[in-house]
Amino acid sequence: MADRLEEAQLLQLMEKLKTSHTWIKIVGEIEATLEHRISDYEFVVDRWPDCRAMVVRAKPNDIKLKYLEPIVNLYATDHDALRGLLHNLDWSKGKRFECVASGLMPVLTEVIQLHRVPTGTHTDAVYLKVTQDTLKLRPVPEGCTLSSLGADRAALVNSVWDLRNGDVSEAYIKHLITSLPSTCLYNQEGELLGYALTYHYGCLGVLYVLEEHRGKGYGKVAMSHLAFKHLQKKKEVFVMIQRVNTPSIKMHEGIGFEVIPDMSFDWIFCD
């Protein structure tokens with residue numbers, strides 16, 4: 001019988017999961033819920049207190065951020081327990097499985113095939129972290145100004161975001177801008193050069209430099225200063241980058257991020 005966790009139980013489970021980078025996104029989702037940055041998820045485990053598997057999914061009703069509705073996150077130490085939770089999902093609706101640990105992919109793939117669900121994008125990502133000791137903070141170029149993004153920039157950010165989905169994703173971007181740290185760089189004329197945001201679960205990303213201003217190191221400035229903001233309160237911060245995006249991986253390594261070896265995550269889009 002599946003159980004839905006309350007805040008006290010989430011806090012207890014989070015402390016356990018913090019010991020491994022494998023569950024970094026699950027920990028981030030719990031933190032976001034406990035800190036009331038979002039309120040759209042429910043955390044369903046196979047049993048409590050000795051849970052062996054958990055599915056993090058959108059609540060069936062009252063979703064404030066529609067962008068989060070198809071997202072599903074997985075935790076498991078037992079494949080059979082995870083299999084049972086997956087079979088209980090509503091497979092008539094589209095889903096986006098995010099940051100799936102590589103060890104859980106065989107079970108997820110099996111269940112998807114059993115339910116005859118067509119899949120679209122399959123993305124493999126690597127995990128990079130940076131600490132106060134490894135961060136290489138890049139100076140703000142002369143004549144430029146470093147600031148935080150304003151909510152009025154949400155439409156612009158959404159228009160060039162790879163995961164854009166009209167008004168749904170724009171509302172999510174606006175939520176990130178207004179509730180979490182961001183950085184943006186302007187030139188002397190007040191023209192926006194580039195920016196970086198923080199996802200609701202703590203991952204840094206949505207890094208973008210306007211095409212006509214690329215190749216000048218603005219991305220390194222924006223991302224290193226965003227990392228610096230977070231490292232005033234945290235021991236480390238992280239990014240997840242598609243394995244095939246070698247330029248982005250090298251850019252982050254240039255400001256002190258380090259690839260964690262033998263760790264990979266998958267994003268699976270189900271129609």
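Which element gives the largest share of the lining of the largest pocket? In this predicted model, the answer is E10, which brings six residues to that lining. The pocket itself holds about 970 Å³ of space. Its lining is made up of 35 residues, and the ones closest to the centre are Asp162, Tyr199, Val206, Met240 and Gln242. E10 (204-209) has company here: E6, helix H5 (154-160), helix H7 (218-231), E11, helix H8 (246-253) and E12 also supply at least two residues each. Sorted by character, the lining turns out to have 25 nonpolar residues, eight polar ones and two charged ones.

The second largest pocket comes in at about 710 Å³. It is lined by 26 residues, with Glu31, Lys234, Lys235, Glu236 and Val237 the closest to its centre. Three elements, H2, H7 and E11, put in at least two residues apiece, and H2 has the largest share with four. The mix of residues here is 10 nonpolar, seven polar and nine charged.

Now for the strands. Strands of a sheet pair through backbone hydrogen bonds, and they can do that either parallel or antiparallel. One open sheet in the model has eight strands, laid out as E1-E2-E3-E4-E5-E12-E6-E11, and its pairing is mixed. At its edges are strand E1 (3-4) and strand E11 (236-242); each has a single partner strand, so one side of each has no neighbour in the sheet. Further in, E5 and strand E12 (residues 258-270) run antiparallel to each other and are paired over five bridges. Within that pairing, phenylalanine 97 sits opposite isoleucine 268 of E12.

Helices pack against this sheet too. Helix H4 (residues 105-114) touches E4, E5, E6 and E12, and its direction makes about 5 degrees with that of E12. H2 lies across a longer list of strands: strand E2 (41-45), strand E3 (53-58), E4, E5, strand E6 (119-131), E11 and E12. Its angle to E4 is about 115 degrees.

There is a second open sheet to look at, this one with four strands in the order E7-E8-E9-E10 and antiparallel pairing. Strand E7 (145-147) and E10 take the edge positions with a single partner strand each, so one side of each is left without a neighbour in the sheet. Going from one strand to the next, the twist averages 15 degrees. Strand E8 (residues 183-186) and strand E9 (residues 192-198) are joined by four bridges and run antiparallel, and leucine 185 stands opposite glycine 194 in E9. E10, at one edge of this sheet, is also the element that gives six residues to the lining of the largest pocket.

What about space that is closed off? Rolling a probe the size of a water molecule over the atoms shows where empty space is left. The structure has one cavity of 30 Å³ or more, and about 50 Å³ of space lies in the largest cavity. Its lining consists of Thr22, Trp23, Lys25, Ile26, Asn73, Leu74, Glu98, Cys99, Ala101 and Phe265. Helix H2 (24-34), strand E4 (71-76) and strand E5 (95-101) are the elements that give two or more residues to it. E5 gives the most, with three. The lining divides into six nonpolar, two polar and two charged residues.

One of these cavity-lining residues, Cys99, has a backbone oddity as well. It is not a glycine, yet its phi is positive, at about 50 degrees. Cysteine 99 lies in strand E5. Another backbone detail turns up at tryptophan 48 and proline 49, which are joined by a cis peptide bond with omega at about 15 degrees. Proline 49 is in the loop between E2 and E3.

Last come the aromatic rings. A pair of them is described by the distance of the centres and the angle of the planes. Searching the whole structure turns up nine aromatic pairs. In one of them, tyrosine 67 and tryptophan 161 have ring centres 5.4 Å apart and planes at 40 degrees, so the pair counts as tilted. The two residues are 94 apart and so link distant parts of the chain: tyrosine 67 is in the loop between E3 and E4, while tryptophan 161 is in the loop between H5 and helix H6 (166-179).

Methods:
Residues numbered from 1 in each chain as written. Predicted model: local features only at pLDDT ≥ 70, side-chain atom pairs only at ≥ 80, totals over all residues. Heavy atoms only, no water. 1 Å grid on protein atoms, 1.4 Å probe; cavity = no way out; pocket = protein on both sides within 12 Å on 5 of 7 lines; lining within 4 Å. Points joined across faces, edges and corners; volume = space filled by probe spheres on them. Nonpolar A, V, L, I, M, F, W, Y, C, P; charged D, E, K, R; others polar. Pairing = 2+ DSSP bridges. Contact = heavy atoms within 4.5 Å. Axes fitted to C-alpha atoms, helices over the stretch in contact; angles between N-to-C directions. Phe/Tyr/Trp six-rings, centres within 6.5 Å; stacked < 30°, edge-to-face > 60°.
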